[in-house]
Amino acid sequence: RDAQESRGLGDVYKRQPESRLDASVTRLMRDKFRLGLFDNPMVDVSKVDEIVGRPDFMSAGQEAQRKSAVLLKNAQSTLPLTQRKKVYVENIPNSLLSQYADLVETPEEADFAIIRLAAPYYPHEGLFDSRFHSGDLDFKSDEKDRLLSLMQTVPTIIDIYLDRAAVIPELAQHSAALIANFGLTDELLLQLIWGQYKPTGKLPFELPSSMEAVVNQLEDVPYDSNNPLYMYGHGLTYP
């Protein structure tokens, strides 16, 4: 009996007859047809040039990006920058940043550093697995130490892409400003930093303060981590 219980769900799935799977698929597909998802299944190729890249579509998309950016921290009103500064940058094209600032090669030469990051994840191999981010939510020692060293050298503005929550207490503590984005172009980020528009976004989930807090969370209860770094709905703006 113990051996049977330890075989796992994979063996349960193998024991299901194909007719049982057909019944489930039929129910799913029936709902999709009821919703009209297959009413217009083909793309009208002749209208691609007319639709793709339409100015009003592009404008609406850019406005959505602007509204989604969340200013998490702004120590001593670092942002917005109001003058041309000497800037050290990572993960932003030099050609774009040069429109706003004077580029320098090292943090020691800079007035500010601007760093774009992504939420940590454990990389997977394979066509599909590589597209899904999983694993611990915190930066590990090598990258964390590098970032802390940078922030101790020069006031640092960090922008982090949160396709998943991140555990970033050290970044929050030592950065001059901290921005969360959910899909923001380099140009729109720089416009935000230099005050061409004000941040209005709010966090759609809380950011935990430690991996221990993450482990101790209940899977089916929202906003229950112990002493979160930033609460659900947090978001600052400019005066």
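**Charges, cover and strand pairing**

Modeller: Let's start with charge: the mean positions of the 25 positive and 35 negative charges of the protein chain lie 6 Å apart.

Colleague: What makes a residue count as positive or negative here, and where is its charge placed?

Modeller: Lys and Arg are taken as positive and Asp and Glu as negative, while His and the chain ends are left uncounted. Each charge sits at NZ of Lys, CZ of Arg, CG of Asp or CD of Glu. Please remember that this is a predicted model, where local features need pLDDT of at least 70, side-chain atom pairs count only at pLDDT 80 or more, and totals for chains, interfaces and linings use all residues. Residues are numbered from 1 along each chain as its sequence is written, and side-chain values use heavy atoms, with hydrogens and water left out.

Colleague: Why does Thr78 count as buried?

Modeller: Buried means under 20% relative accessible area, exposed means over 50%, and partly exposed lies in between (1.4 Å probe, protein chains only). Thr78 has 14% relative accessibility, so it counts as buried. This residue is in the loop between strand E1 (70–74) and strand E2 (86–90); strands (E, at least two residues) and helices (H or I, at least four) are DSSP runs, numbered from the N terminus.

Colleague: Which residues is Thr78 in contact with, leaving aside its neighbours within four places in sequence?

Modeller: Those are Phe112, Ile157 and Ala176, where contact means heavy atoms within 4.5 Å.

Colleague: Why is helix H9 (residues 186–193) called largely enclosed?

Modeller: Six of its eight residues are buried, so the rest of the structure largely encloses H9. The buried ones are Leu188, Leu189, Leu190, Gln191, Leu192 and Ile193. Their cover includes helix H5 (55–68), helix H6 (94–97), strand E4 (112–118), strand E5 (156–161) and strand E6 (177–181). After H9 comes Gly195, with a positive phi near 75 degrees.

Colleague: What makes E1 and strand E3 (102–103) edge strands?

Modeller: The six strands form an open sheet with mixed pairing, in the order E1-E6-E5-E4-E2-E3. E1 and E3 each pair on one side only, which puts them at the edges. Two strands pair if DSSP finds at least two bridges between them. E2 and E4 have four bridges and run parallel, with Tyr88 bridged to Ala113 in E4.

Colleague: How does the radius of gyration of the protein chain compare with that of a compact globule of 239 residues?

Modeller: The rule, 2.2 Å times the number of residues to the power 0.38 over C-alpha atoms, gives a value near 18 Å for a compact globule, but the chain has 23 Å.
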